[in-house]
Amino acid sequence: MNHSLIEQIAENWKLAASPVRPGHLVVDFFRRALPSGTGWSGLVQGATPEAIDLMVSRGAERIVSMDLHLETMEAMRTLAKEDWSRVKTVVGDWTEDKPDFRGAFDIVISDGGPHFLPFPAGWTQLFENTHRQLAPGGKAVVRMWVEPKGFPPFREYFEDAVNRFEEERRDRTEDEQKSMFIEFVSEAKSACLVGSVDPDGRIVEERMWPAFQLLEEDLRAKYGSGPLEAVVSALFDRTNPVGEDGAHLTSAPGQDLFRPVLEDAGFSVDVTVLDETHLPSWTLVVTATKV
Ligand SMILES: C[S@@+](CC[C@H](N)C(=O)[O-])C[C@H]1O[C@@H](n2cnc3c(N)ncnc32)[C@H](O)[C@@H]1O
């Protein structure tokens, strides 16, 4: 196990906020979706600390966290607020059928997992397998994002975002300003993706580069030295070591595209839009109930 990599991943993750990590509306949604009582079991696809903490605090009998990347899971463990001694971490592929997981979970939580798989083939495999892993009546609760419609050009969005941040940070302590900056930067980084999704749901990474370049130049010029420097350099100076084989956002299909895929896999589908960022209609939580 690579311990310095674990530390680096954990440090990077501490400097991320919604929509890179689940914000409070998403966490509340996950909380409400959990089964009540005891004796239930939950699977987290990934190692989202917020989701695992919720399952621990709500008394799940069995909690499994699965990811392709061991160091990511270990890094997330260092961010735990609850006691994860009973959480079983499994290195594995979410799309792979594991006989001991069949029908084993009352709830599966995924914080954006499908976006790392190609659409539609990877999503079909993922949701067919998730369906297999759920107990009768069980549900998968999945945070996703879709491209906002009528979004302004990145330059315009970004100017507004900088002004908003500058306005809001006045008279705040240094720690508060840092948290606000982490939120602003996480959102701006995600906004670079707007306009990069093909009609078939595929993300074309090169299309986000002009926005990403503008973001880098501007953030370095304005905040590249001083108390917010660490956040800027976490974004641009460190390679992203998280799960090298699965860390690239690959797809972001709209509802009209992904709904039939989930229904064909055997789910009834309910979609809730949660406006927890300044990217309108960006965050969705999909509740897929096994029928
Ligand atoms: C940005 S990272 C972590 C984000 C996620 N929101 C979380 O908190 O766990 C995405 C993770 O997805 C994992 N991943 C991608 N495709 C996967 C797959 N098919 N099976 C298991 N893990 C996968 C990667 O290894 C990586 O750790």
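## Close-up views of a predicted model

**View 1. Helices α8 and α9 are roughly antiparallel to each other, because angles over 145 degrees count as such.** In this predicted model, the axes of α8 and helix α9 (residues 229–236) cross at roughly 155 degrees and come within 10 Å. The crossing is left-handed. On the α8 side the residues in contact are Glu216, Leu219, Arg220 and Tyr223, and these meet Glu229, Val232 and Phe236 of α9.

**View 2. Helix α6 (residues 154–169) packs against helix α8 (residues 209–223).** Their axes lie 10 Å apart at an angle of about 30 degrees, which makes α6 roughly parallel to α8. The crossing of α6 past α8 is right-handed. Phe154, Arg155 and Phe158 are the α6 residues at this packing, and they meet Ala211, Leu214, Leu215 and Asp218 in α8.

**View 3. Pro210 is located in helix α8.** Around Pro210 there are 13 other C-beta atoms within 10 Å, so the residue is classed as partly exposed. Arg155 is 55 residues away from Pro210 along the chain, and the C-alpha atoms of the two are separated by 9.9 Å. Arg155 is also one of the α6 residues that meet α8.

**View 4. Helix α1 (residues 3–14) packs against helix α4 (residues 70–78).** The two axes are 8 Å apart and make an angle of about 55 degrees; α1 and α4 are therefore oblique to each other. α1 passes α4 in a crossing that is right-handed. From α1, the residues Leu5, Ile6, Ile9, Ala10 and Trp13 take part, meeting Glu71, Thr72, Glu74, Ala75 and Thr78 of α4.

**View 5. The largest nonpolar core contains 73 residues.** Ile52, Phe127 and Val185 touch the most other members of this core. Among the contributing elements, helix α7 (residues 174–191) gives the most, with 6 residues. At least three residues of the core come from each of domain 1 (3–146 + 250–290) and domain 2 (154–236). In soluble globular proteins, nonpolar side chains tend to be buried together.

**View 6. Val185 is shown with its contacts from elsewhere in the sequence.** When neighbours within four places in sequence are left aside, Val185 is in contact with Leu219, Val231 and Leu235. Leu219 is also one of the α8 residues that meet α9. Val185 itself is among the three residues that touch the most other members of the largest nonpolar core.

**View 7. Two domains are assigned to the protein, domain 1 (3–146 + 250–290) and domain 2 (154–236).** Taken over C-alpha atoms, the centres of domain 1 and domain 2 are separated by 25 Å. Contacts between them involve 16 residues of domain 1 and 14 residues of domain 2. The largest nonpolar core also draws at least three residues from each of the two domains.

**View 8. Gly59 sits in the loop between α3 (49–57) and β2 (62–67).** With 13 other C-beta atoms within 10 Å, Gly59 is partly exposed. The C-alpha atom of Gly59 is separated by 7.5 Å from that of Gly37, and the two residues are 22 residues apart along the chain.

Methods:
Residues numbered from 1 in each chain as written. Predicted model: local features only at pLDDT ≥ 70, side-chain atom pairs only at ≥ 80, totals over all residues. Core = buried A, V, L, I, M, F, W, Y, C linked by C-beta atoms within 7 Å. Buried ≥ 20, exposed ≤ 12 C-beta atoms within 10 Å, placed from the backbone. Helix = DSSP H or I, 4+ residues; strand = E, 2+ residues; numbered from the N terminus. Domains from an automatic or database assignment. Contact = placed C-beta atoms within 7 Å. Axes fitted to C-alpha atoms, helices over the stretch in contact; angles between N-to-C directions. Parallel < 35°, antiparallel > 145°, perpendicular 65-115°, else oblique. Left-handed = near helix turned anticlockwise from the far one by under 90°.
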